[in-house]
Amino acid sequence: MSYVDVNGKQIEVDEDGFICDPDLWNEEIVRCFARLEGVDELTDDHWKVIHYLRGYYRQFGIAPMIRKLCKETGFNLQRIYELFPSGPAKGACKLAGLPKPTGCV
Amino acid sequence: MKSPMRLAKAEDVRAIGLAPAAEEERKPRLLAKLKELRGSMRSLAVMLDTCVKCGNCVRQCHSYLGTGDPLNAPPARADLMRKLYRRHFTLAGRLLGRITGAEDFDAQTLDAWLTYFYQCNECRRCAVFCPLGVDTAEVTIAGRHLLSELGMVPRFMQQVALNLQKTGNNMGIPKPALLDSVEFLQCEMLEETGLAVKIPVDQAGSEILYIPSSADFFTNVDTIIGVAKMFHALGASWTISSAVLEAANFGLLFNDSAMRAHNRRMRQAAEELGAELVLQGECGHGWRAARLCTEAASGPVRFRLMHVLDYTARNLGRLALRRLSMRVALHDPCNYARAGDLIDEPRRILRACVEELVELAPNREETFCCGGGSGILMDEMMEIRLKLGKKKAEQIQAAGRIDYLAAGCSICKAQLPHVAAHYGMPDLAIGGVMDLVGKAMDMNRSTGGV
Ligand code: SF4
Ligand code: SF4
């Protein structure tokens, strides 16, 4: 396991850089992960996606369908990729502190 | 070369019911399991005994062509098991050793197996070109199964297996999330068509149990939408099951018991729901496993088993389809073309749905793999995946301008966008076959529509 230093606190992440314990997630971690993911500035649009994913995950224990994410945030897929260069699954979900979506994706 | 592929840790391997072997236990356990397999899987022994090293298959393997690694040439790949087999299970090998190509287990054996059996997409293209019918995929699948018996399982496969244990699908979608997704998709279809197109969940007494790929509820929603619209138009009695929301069967690709366990999920769900017909969705290897292994894994079953593309092709006459003005190329997933008997069906469907169908060359039984086949979808393998996809990329490029690449398999759908982007086709639209059925269907004119 590796650790990411978030303001002096060691946060455990898996080999793909996803948080191991989603309950530890907080906004400080988002800022730190954002730098690692090549997101220079976190805008309101970023937070909108992150908070939506977070809320969905808290309710259902998994990431929403990409189509639903787009519809509910009002961003098309292209916009999501602009916001999170590694995409909705590997980028946005990572920042939102979700486990990495796996399977045939 | 050592593979970048990550292996699951011992405790995670135990969590999916497998027993990791300690260092000193590996060789005896491997030999004992190989002996067992040799008895139970007659074809394996034939594949191991037969190759005459004529080299015919070598330049037909996209994995060898894409990576240029000599150990990815099918006969060299299979030799990684063959030499151990010769050494221990043939008289000549036992007596004469190396001159017969026999070699014993050593410190490199397992690394080489992990590296090269997981750079084989299990696509069976080599077998098409072998004059003796040697199917290297049989050897490498057996090799992967043997590795799993030592507890050596890719982390990716382990995670999928764990999700399957918990939820019955690769992605780990729990039932409440599925219901939420279904509701969302129904709203989408209502908005689009004005009709209440349903995706029934766990509906007992349905005639048809439809088994989608769980990726249809994450990235490939147009595939399940196409399927739902078709059933609606036909007035079919159908349901999906929250207990087996997965056409894929990764067990086929790494561990026999996992394959059987997932196959039994299908049987159990079909029996509980009373379905007469089980339709498998767009997943290549899952269809191969269901079609070829159901009897062995689950015994005689009461339902009929069919693929959704076959079912759709048979029902084309009852669907009101308007040809979309698109130039569409068809990618034949390896498992449909060389293990699934689904070659004409997607063509018949596409001809009814689009104005122009383009053939990639080569195609049908000679199709090249997308490079992700057999679950080589791990992120850490991306560099290798792109090399494995090189032949496919060349084929797509040679097809000229196309509007859509139809690939009726979730692994292909996950892999091909990376291949397309890497080889200079970032804007190519890629999706399933059923997606286009959904888009081409005139919902108000189809028979059975409400
Ligand atoms: S099955 Fe496919 S990838 Fe494997 S050796 Fe044969 S041609 Fe190559
Ligand atoms: S074509 Fe068949 S016999 Fe010839 S090298 Fe390949 S596997 Fe061996």
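Cys and Pro count as nonpolar here, Asp, Glu, Lys and Arg as charged, and Gly as polar. The views below come from a predicted model.

**View 1. The shell around ligand 1 in chain B mixes residue classes.** It has six nonpolar, four polar and four charged residues. In all, 14 residues surround ligand 1. Those that come nearest are Cys61(B), Cys120(B), Cys123(B), Arg124(B) and Cys126(B). Four helices of chain B each supply at least two residues of this shell: α4 (62–67), α5 (74–89), α8 (125–129) and α9 (136–149).

**View 2. Ligand 2 is surrounded by residues of chain B.** One run of the shell is Cys51(B), Val52(B), Lys53(B), Cys54(B), Gly55(B), Asn56(B) and Cys57(B). Pro75(B), Cys130(B), Pro131(B) and Val134(B) complete the list. By class, the shell around ligand 2 divides into eight nonpolar, two polar and one charged.

**View 3. Chain A and chain B bury about 2500 Å² between them.** Carbon and sulfur atoms account for 58% of that area. Met65(A), Arg67(A) and Cys104(A) supply 30% of what chain A buries against chain B, more than any other three residues. The contact takes 22 residues from chain A and 34 residues from chain B.

**View 4. Ten salt bridges link chain A and chain B.** One of them pairs Lys71(A) with Glu191(B). The closest N and O atoms of this pair are 2.9 Å apart. Twelve residue pairs between the two chains are in polar contact, with both residues at pLDDT 80 or more.

Which helices of chain A each supply at least two residues of the side that touches chain B? They are α2 (44–60), α3 (66–73) and α5 (87–95). Helix α3(A) gives the most, with four residues. The side of chain A that touches chain B has twelve nonpolar, two polar and eight charged residues.

**View 5. Ser410(B) is in contact with residues of both chains.** Ser410(B) is found in helix α21 (residues 410–422) of chain B. Is Ser410(B) buried or exposed? Its relative accessible area is 1%, under the 20% limit, so Ser410(B) counts as buried. Beyond neighbours within four places in sequence, Ser410(B) is in contact with Cys104(A) from chain A. Its contacts in chain B are Ser213(B), Ala215(B), Asp216(B), Asn220(B), Glu282(B) and Cys283(B). Cys104(A) is also one of the three residues named in the buried area of chain A.

**View 6. Arg54(A) is a buried residue of chain A.** Arg54(A) is found in helix α2 of chain A. Its relative accessibility is 7%, which is under 20%, so Arg54(A) counts as buried. Leaving out residues up to four places away in sequence, Arg54(A) touches Pro22(A), Trp25(A), Ala96(A), Gly97(A) and Leu98(A). Leu36(A) is 18 residues away along the chain, and its C-alpha atom is separated from that of Arg54(A) by 19 Å.

**View 7. Arg31(A) is partly exposed.** Arg31(A) is found in helix α1 (residues 27–36) of chain A. Its relative accessibility is 38%, between the 20% and 50% limits, so Arg31(A) counts as partly exposed. Setting aside neighbours within four places in sequence, Arg31(A) is in contact with Leu42(A) and Trp47(A). Cys93(A) is 62 residues from Arg31(A) in sequence, and the two are 14 Å apart in space, C-alpha to C-alpha.

**View 8. Asp202(B) has a positive phi although it is not a glycine.** The angle is about 55°. Asp202(B) is found in the loop between α11 (175–193) and β1 (208–211) of chain B. With a relative accessible area of 25%, Asp202(B) is partly exposed.

**View 9. Asp341(B) also has a positive phi in a residue other than glycine.** Here phi is near 55°. The loop that holds Asp341(B) runs between α17 (334–337) and α18 (344–353) of chain B. Relative accessibility is 55%, over the 50% limit, so Asp341(B) counts as exposed.

**View 10. The peptide bond from Ala361(B) to Pro362(B) is cis.** Its omega is near -5°. Pro362(B) has its place in the loop between β6 (354–359) and α19 (382–388) of chain B.

Technical notes: Residues are numbered from 1 along each chain as its sequence is written. Chains are lettered from A and ligands numbered from 1 in the order in which they are written. This is a predicted model: local features need pLDDT of at least 70, side-chain atom pairs count only at pLDDT 80 or more; totals for chains, interfaces and linings use all residues. Side-chain values use heavy atoms; hydrogens and water are left out. Contact means heavy atoms within 4.5 Å. Buried area is the accessible area (1.4 Å probe) that two parts lose on being put together, summed over both. A salt bridge is a side-chain nitrogen of Lys or Arg within 4 Å of a carboxyl oxygen of Asp or Glu. A polar contact is a pair of N or O atoms within 3.5 Å; within protein, one must be able to donate a hydrogen and the other to accept it, and residues adjacent in sequence count only if both atoms are side-chain atoms. Buried means under 20% relative accessible area, exposed over 50%, partly exposed in between (1.4 Å probe, protein chains only). A residue is near a molecule or strand if one of its heavy atoms lies within 4 Å of it.
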